[in-house]
Amino acid sequence: GKLIINTQKIDPMPVIVGNAKYPEQIIEKINRLGVNVIPADALKLALKAGNVKAVNVVLLGLLAKYTDISKESWIKAIKGTVPGKFLDINMAAFDLGYNLEE
């Protein structure tokens, strides 16, 4: 199996207040456990698509290429649920995730 990970670093409260240290080399540690990690800088790609809020759609696009569901079905679902004024950004975010090279 594969594990998709957003590489965006978000400090949890224990790290913010100094009670814990942010884990280092987490992707390498997970890989050593035998898990095939697919890292993605989804925040960077969302910004490239036009909106930081599109992070989840970037990750959805990446996930989509590893499912048996056709790309067209994913696109149809996005078009059916995303308001028109946000559709272009979300379609760009989906495509950036879908086309991300490992």
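These legends accompany a set of close-up views of one predicted protein model.

**Figure 1. The whole chain, with 6 helices and 2 strands.**
Before zooming in, here is the overall layout of the predicted model. Followed along the sequence, the elements come in the order β-α-α-β-α-α-α-α. The C-alpha trace spans about 45 × 30 × 20 Å along its principal axes. The protein has 102 residues, and 27% of them count as buried. Its accessible surface comes to about 6900 Å², with 56% of that belonging to carbon and sulfur atoms. If you like contact maps, look at the contacts with a separation of 6 or more: 61% of them join residues 24 or more positions apart.

**Figure 2. Helix 6 and its buried residues.**
Helix 6 covers residues 84-98. Its 15 residues reach 21 Å from the first C-alpha to the last, close to the 21 Å expected at 1.5 Å a residue. Which residues of helix 6 are buried? They are Leu 87, Asn 90, Met 91, Ala 93, Phe 94 and Gly 97. An α-helix has 3.6 residues a turn, so residues three or four places apart point the same way. That is a handy rule to keep in mind while you look along the buried positions, among them Leu 87, Asn 90 and Phe 94. The packing partners of the buried residues are helix 3 (42-49), helix 4 (55-64) and helix 5.

**Figure 3. Asn 90 and the residues it touches.**
Here we stay with helix 6, the home of Asn 90. Is Asn 90 buried or exposed? Asn 90 counts as buried because its relative accessibility is 12%, and the cut-off for buried is under 20%. Leaving aside residues up to four places away in sequence, Asn 90 touches Val 57, Ile 78 and Val 82. Val 57 falls within helix 4 (55-64), and Ile 78 within helix 5 (residues 71-81).

**Figure 4. A salt bridge between helix 5 and helix 6, made by Lys 71 and Asp 95.**
The side chains of Lys 71 and Asp 95 meet with 3.6 Å from N to O. This pair links distant parts of the chain, since Lys 71 lies in helix 5 and Asp 95 in helix 6, 24 residues apart. How exposed are the two partners? Lys 71 is partly exposed at 23% relative accessibility, and Asp 95 is also partly exposed, with a relative accessible area of 27%.

**Figure 5. Two further salt bridges, Lys 9 with Asp 11 and Lys 21 with Glu 24.**
The structure holds 3 salt bridges, and this view turns to the pairs not shown in the previous figure. In the pair of Lys 9 and Asp 11, the closest N and O atoms are 4.0 Å apart. Lys 9 is exposed, at 55% relative accessibility, whereas Asp 11 is partly exposed at 33%. The side chains of Lys 21 and Glu 24 meet at 3.3 Å, N to O. In this pair, Lys 21 is exposed, with a relative accessible area of 67%, and Glu 24 counts as partly exposed at 48%.

**Figure 6. Gln 25 and its positive phi.**
Where does Gln 25 sit? Gln 25 is found in the loop between helix 1 (13-16) and helix 2. Most residues other than glycine have a negative phi. The phi of Gln 25, by contrast, is positive, near 50°. Gln 25 is exposed, with a relative accessible area of 54%.

**Figure 7. Arg 32 in helix 2.**
Helix 2 takes in residues 26-32, and Arg 32 belongs to it. Arg 32 is exposed, its relative accessible area being 63%. For a sense of distance, take Arg 32 together with Met 13: they are 19 residues apart in sequence and 27 Å apart in space, C-alpha to C-alpha.

**Figure 8. A nonpolar patch on the surface, formed by Leu 3, Leu 33 and Val 35.**
Together, Leu 3, Leu 33 and Val 35 have about 270 Å² of accessible area. Val 35 is found in the loop between helix 2 and strand 2 (36-40). With a relative accessible area of 32%, Val 35 is partly exposed. Val 35 can join the patch because patches are made of residues with over 30% relative accessible area and no salt bridge.

Definitions and conventions:
Residues are numbered from 1 along each chain as its sequence is written. This is a predicted model: local features need pLDDT of at least 70, side-chain atom pairs count only at pLDDT 80 or more; totals for chains, interfaces and linings use all residues. Side-chain values use heavy atoms; hydrogens and water are left out. Buried means under 20% relative accessible area, exposed over 50%, partly exposed in between (1.4 Å probe, protein chains only). Helices (H or I, at least four residues) and strands (E, at least two) are DSSP runs, numbered from the N terminus. The expected span of a helix is 1.5 Å times one less than its number of residues. Contact means heavy atoms within 4.5 Å. Patches are made of residues with over 30% relative accessible area and no salt bridge: like charges are joined within 9 Å, nonpolar side chains (Val, Leu, Ile, Met, Phe, Trp, Tyr) within 5 Å. Accessible areas come from the Shrake-Rupley method with a 1.4 Å probe; for residues, only the protein chains shown count as cover.
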